[in-house]
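I opened a fresh page to record what I look up, entry by entry. My plan is to begin with one small piece and then widen the view.

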Amino acid sequence: MAIELNVGPVAHGGWCVARHDNRVIFVRHALPGERVLAEITEETSRFLRADAVEILDPSPDRVTPPCPFAGPGRCGGCDWQHASLDAQRLLKSEVVAEQLRRLAGIEWKGIVEEVPGAPDGLGWRTRVQFAVDREGVLGLRRHRSHDVEPVDACLIAHPEVENVGAEVMNWRNASSVEVIVSNTGDQAVVVAPKPRRTVAVPDLDTSVAVFVDEGRGHTRVVHGRNHLVERVGERDFQVTGSGFWQVHPGAAATLLATVMEFAAPQPGEWALDLYCGVGLFAAGLAKAVGPEGAVFGIESESVAVRDAERNLRDLPQARFARGRVENALDHFGIERADLVVVDPPRAGLGREVVDRLSALGASRIVYVSCDPATLARDLAWFGDHDYHLADLRAFDAFPMTHHVECVALLVSDSI
C-alpha cells in the first residue's frame, strides 16, 4: 500500500526525511519539497524506510534518471540520478553542514565542489565490483538487499571498464567480479570464487590482467602482471591486485593538491601519514620536507606497504611500516610530530586514535574523510584537545551517489 508524503530535508545516506502519523520516514528516490506516493520497504521501532514510487508534485531539480536500471526496487548503486548535478552537490553540502552542526557544533557554509574528469556525472568509476547471480550473470546489488539486478552496462563506470566487456560474459561459480582500469591504460579483472568452487574465466582481451581473490587480502595472478600503475603529476604509483586507489579519475590529484595546501609542509619537518595506502600523500609530503625532514607512513595492508616503499624509493626521507594505527604509534615509539595526515576508512578514527594523535603536539592535522558523520564525530573529540577546524573542503568524488569526500584542516590552539 502506498502512502502520500510531503518530503522534507535531505538526510545522510541518500534519503530524504518525511513524517506520517508522527513517525519519521526515510524516503529514497525523492527530493526535498516534493509530494510523493511512497511504499514502505522496512519498519523499525524508531523509523520507517520507503521508496517514492510516484511523484505527485515534482521538484524543479528533478530530472529523468539517465540509467535504465535506476529507480525503486532496481540497482542500489546510485542514490541521486533523479536530481540534477547542481542539486546533487547542494544536497551533499547540506548533509555535510548538518552533520558538522549536529555532531560537532561546527557551522560550515561551504559547497561540495566538482572533481575534474566527469562533467556530466557519468563515466567516472574506474573500479566496479559486480555481484554475480546463480546463472553467472553480472549485476549490481539492489538497495539494502543481496538480490542482484542484472546490468549490461553501468553508466557511472569509466568507458574503459565497459570496454573490458565483463557484463556480457558468464561468470558461473563466481561470487563477485571487480573490473579495474588505471589512468595509464592498465586493465584488470579480479574474480572472487564461491567457496569450494572454481571459476572458468571467460576469454578476455590479452591486455587485461586477471587475478583470483583468495581472501584475506591475497590475490593470485592468472594472467598478466600483478599490479596496475596510476599516474599523478609526474609520479607513477604501483597498486598491487585490488589494492585501494581513488575510483574517480580526478580524485587522487585533487585530494593530493588539497592536502598539500592545508598541510603546508616545510623543509625539515617531521610528518606522519597514517592509513597511507600506496604512498600518495607521503610522496607530496616527502618532497616538501626534503632530505633534512622525514615522513613516516603507517598502513595495515602489507601489500600496500610494499607498494609504497617501491613508489617512493627515490625519496629516502620517507619510510613505511605495516601496522594498525590504533597501536602502531606506541609500537614504533612515536611521541611527537610537526604535521599529521590521516585518511582512515569509513569508520573514521575513533576516540582512542584521536586521543593518541592529539598528544603528539602537531601544529596541524589534515583529515581526509569519506564519511561526514564519522568526520564530524572525530572533529568534536579533537575539540576536546584544543584543536579547532580551520578549513574544510568537500568534493563530489562520487557523482550520482550520496558519498562525498572531505578534507579538513585542524589547527592546535595550544601551540
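**Entry 1: a covered strand and its hairpin**

Before judging how covered a strand is, I noted that a residue counts as buried when its relative accessible area is under 20%. I also reminded myself that this is a predicted model, and that what I write down comes from it. With that cut-off in hand I looked at strand 15, residues 227-232, and found that 5 of its 6 residues are buried, so that the strand is mostly covered.

I then asked myself how many bridges join strand 15 to strand 16. There are 6 bridges between strand 15 and strand 16 (residues 235-240), and the two strands run antiparallel. As one example of a facing pair, I noted His-227, which stands opposite Thr-240 in strand 16. The hairpin that these strands make has 2 residues between them, and in this hairpin Gly-233 takes a positive phi near 65°.

**Entry 2: Ser-182, which touches strand 15 residues**

Next I looked up Ser-182, which is found in the loop between strand 11 and strand 12. Is it buried or exposed? Ser-182 counts as buried, because its relative accessibility is 9%, which is under the 20% cut-off. Leaving aside residues up to four places away in sequence, Ser-182 touches Leu-228, Val-229 and Glu-230. Its side chain also makes a polar contact of 2.9 Å with the side chain of Thr-184.

**Entry 3: the sheet of 7 strands**

The strands on either side of that loop led me to a sheet. I recorded an open sheet of 7 strands in the order 10-9-8-11-12-13-14, with mixed pairing. Strand 10 (148-150) and strand 14 (218-223) stand at its edges, and each has a single partner strand, so one side of each is left without a neighbour in the sheet. From one strand to the next, the twist averages 35°.

Within this sheet I followed one pair: strand 11 (residues 174-181) and strand 12 (residues 187-193) pair in the antiparallel sense over 7 bridges. Here Ser-176 has Ala-192 in strand 12 as its bridge partner. I added a reminder from my general reading that strands of a sheet pair through backbone hydrogen bonds, either parallel or antiparallel.

**Entry 4: two loop residues with positive phi**

I looked for loop residues with a positive phi that are not glycine, and wrote down two. Asn-173 has a positive phi of about 80° although it is not a glycine, and its place is in the loop between helix 2 (159-164) and strand 11. Arg-196 has a phi near 60°, again a positive value in a residue other than glycine, and it sits in the loop between strand 12 and strand 13 (208-215). Arg-196 is exposed, because its relative accessible area is 83% and exposed means over 50%.

**Entry 5: the nonpolar cores**

Which residues have the most contacts inside the largest nonpolar core? They are Trp-171 and Val-189, in a core of 72 residues. Not counting residues up to four places away in sequence, Trp-171 touches several residues, including Val-132, Leu-138, Val-177, Val-189, Val-191 and Pro-202. Another core, of 39 residues, lies apart from the largest one, and Leu-274, Val-340, Val-353 and Leu-392 are among its members.

**Entry 6: the sheet of 8 strands and its helices**

I then turned to an open sheet of 8 strands, in the order 7-22-23-21-20-17-18-19, again with mixed pairing. Its edge strands are strand 7 (113-114) and strand 19 (318-322), each of which pairs on one side only. Strand 18 (residues 294-299) and strand 19 pair in the parallel sense over 5 bridges, and Phe-296 stands opposite Arg-319 in strand 19.

Helix 8 (residues 372-383) packs on the sheet and touches strand 21 (364-369), strand 22 and strand 23, and its direction makes about 160° with that of strand 21. Helix 1 (residues 85-104) lies across strand 7, strand 22 (387-396) and strand 23 (405-412), running at about 160° to strand 22.

**Entry 7: the whole protein**

Last, I stepped back to the whole, where the secondary structure comes to 8 helices and 23 strands. The radius of gyration is 22 Å, close to the 22 Å that the globule rule gives for 415 residues, so the protein is as compact as a globular protein of that length. Along its principal axes the C-alpha trace spans about 65 × 55 × 35 Å, and 55% of the 415 residues count as buried.

Note on methods:
Residues are numbered from 1 along each chain as its sequence is written. This is a predicted model: local features need pLDDT of at least 70, side-chain atom pairs count only at pLDDT 80 or more; totals for chains, interfaces and linings use all residues. Side-chain values use heavy atoms; hydrogens and water are left out. Buried means under 20% relative accessible area, exposed over 50%, partly exposed in between (1.4 Å probe, protein chains only). Helices (H or I, at least four residues) and strands (E, at least two) are DSSP runs, numbered from the N terminus. Two strands pair if DSSP finds at least two bridges between them. Axes are lines fitted to C-alpha atoms, for helices over the stretch in contact, and angles run from 0 to 180 degrees between N-to-C directions. A nonpolar core is a set of buried Ala, Val, Leu, Ile, Met, Phe, Trp, Tyr and Cys residues joined through side-chain atoms within 4.5 Å. Contact means heavy atoms within 4.5 Å. A polar contact is a pair of N or O atoms within 3.5 Å; within protein, one must be able to donate a hydrogen and the other to accept it, and residues adjacent in sequence count only if both atoms are side-chain atoms. The radius of gyration is taken over C-alpha atoms; the globule rule is 2.2 Å times the number of residues to the power 0.38.
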